[in-house]
Amino acid sequence: MLSRNLVSRIAARRAVPRAAAQGARFFNQGSKVEHAEEVRAGKIITVTYKDGVRQEVEIPVEPHSTGPVAPSGADEKQRAFPLDSSILSQLNPTLKKFTLPGKVAVVTGGGRGLGFNMAQALAEVGVRGIAIMDVQKPLGEEAARELSEQTGVDVRFYQVDVRDGDAITQAVEDINDHYGQIDVLLNAAGIADSNIKAETYDTEMFRRLIDINLTGAFLVAQAVGRKMILSKQGGSIILVASMSGSIVNYPQEQSCYNASKAGVVQLTKSLATEWARHGIRVNAISPGYMDTALNRVPALDAQKKIWIENTPQKRLGAVDDLNNLAVYLASPASNFMTGSNNIIDGGYTLW
Ligand SMILES: NC(=O)c1ccc[n+]([C@@H]2O[C@H](COP(=O)([O-])OP(=O)(O)OC[C@H]3O[C@@H](n4cnc5c(N)ncnc54)[C@H](O)[C@@H]3O)[C@@H](O)[C@H]2O)c1
């Protein structure tokens, strides 16, 4: 059940007429339009790795597709608008620091939900390339296609399970070869198990979740961090943790998830100290309860009422509520910030 606030907000956003949206100031104009047209009229590349063998497939991109393209009932998807390069020169120093012109980002878990939305936000502040890494092929391909169509950014999809260190290394090599650099890593891949009492928690399930949420975050950060160190250009690594890394959720039992995210928070701090000398900043985003597919399961319906009741803002987070924090952490706007755990939860952890 959504709060009235959230429902009216979503309705308002849905109601934005497409023509008005296209006329928005930040919509593509001038030379960027030509680039966008090239990408839109062309194709995107998706890459899979099976037993170490790389397979590259071209997927056609529909010209002039305008999105949003989510099937009804899925996460609310909004269209992304690319940053017109002519606007950059007009920005004052403070606003300029929030942009990422010419940069390249890797987004794990970018196939849907929070990862996809944050990838859209990075596209809107000027990145030239985005590599989406996700285990789900159809989702990842669709996400790459949409983002490419909407923004003209060079988006590629890499089908990778974040538990698979070899595949990650191979994909990161590939990404670096294609784009020539990696400046930002946003690790949003993750899963949740909930309503499982500790005394009956299956050991294999426990290991699997830790493997994806914690070891996966480490493996991706390690592979990208190595590239950033070699490049001597530094970079920004953002690990999506959770408020569950700092508090214990109520009323559901989820010891493993909470432990995994506490691990991600501490991993963030450890990497930040080790890699500061290489100009690499490492920060965590710790969301509260967000209205994404991860939480849209019938078993959680009753609990959602309690979550909303216990949140001072009386709502779940919208799927794009992390976007501007991600931009801040990825960009020079947060140059002196590293090792920080940024809780963004509508006030939930205050009570
Ligand atoms: N939704 C919330 O309320 C919430 C709250 C706090 C933290 N988070 C965290 O935010 C992140 C994104 O959550 P979301 O709500 O967007 O979830 P989601 O399920 O909508 O998206 C997660 C994405 O990660 C991908 N993924 C899962 N396992 C993977 C693996 N082994 N390898 C590669 N990709 C994998 C999925 O395919 C999916 O595209 C997760 O790390 C989650 O723990 C979510």
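Here a visitor and a guide talk through a predicted model of a protein chain with a ligand.

Visitor: What makes up the protein chain in terms of helices and strands?
Guide: There are 12 helices and 9 strands in it.

Visitor: How do you know that β7 and β8 pair, and in which sense?
Guide: Two strands pair if there are at least two bridges between them. Strand β7 (residues 235–240) and strand β8 (residues 280–287) have 6 bridges, in the parallel sense, so they count as a pair. One of the residues involved is Ile237, whose bridge partner in β8 is Val282.

Visitor: What makes the sheet, and in what order do the strands run?
Guide: 9 strands form it, and the order is β2-β1-β5-β4-β3-β6-β7-β8-β9. The sheet is open, with mixed pairing.

Visitor: Why is one side of β2 and of β9 left without a neighbour in the sheet?
Guide: Because β2 (53–60) and β9 (341–344) stand at the edges, and each has a single partner strand. As for twist, the average is 20 degrees from one strand to the next.

Visitor: What packs on the sheet?
Guide: Helix α7 (residues 137–151) does, touching β1 (43–50), β2, β4 (129–134) and β5 (154–159). The direction of α7 makes about 175 degrees with that of β5. Angles here run from 0 to 180 degrees between N-to-C directions, so α7 and β5 point in nearly opposite directions.

Visitor: Why is the set around Ile130 called a nonpolar core?
Guide: A core of this kind is a set of buried residues such as Ala, Val, Leu and Ile, joined through C-beta atoms within 7 Å. The largest one has 83 residues, and Leu122, Ile130 and Ile132 touch the most other members. Helix α9 (residues 203–231) gives the most to this core, with 10 residues. Leaving aside neighbours within four places in sequence, Ile130 is in contact with Ala105, Val107, Ala119, Leu122, Ala123, Leu147, Val153 and Val155. In soluble globular proteins, nonpolar side chains tend to be buried together.

Visitor: How much of the protein chain is buried?
Guide: Buried residues are 44% of the 351. To count as buried, a residue needs 20 or more other C-beta atoms within 10 Å of its own.

Visitor: Which residues come nearest to the ligand?
Guide: Of the 30 around the ligand, Gly109, Gly111, Gly113, Gly190 and Thr292 do. Both α6 (113–124) and α9 give two or more residues to that shell, and α6 gives the most, with 3.

Visitor: How do the residues of the shell around the ligand divide?
Guide: Into 15 nonpolar, 11 polar and 4 charged. Gly counts as polar, so the four glycines Gly109, Gly111, Gly113 and Gly190 belong with the polar residues.

Terms used
Residues numbered from 1 in each chain as written. Predicted model: local features only at pLDDT ≥ 70, side-chain atom pairs only at ≥ 80, totals over all residues. Buried ≥ 20, exposed ≤ 12 C-beta atoms within 10 Å, placed from the backbone. Helix = DSSP H or I, 4+ residues; strand = E, 2+ residues; numbered from the N terminus. Contact = placed C-beta atoms within 7 Å. Near = placed C-beta within 6 Å.
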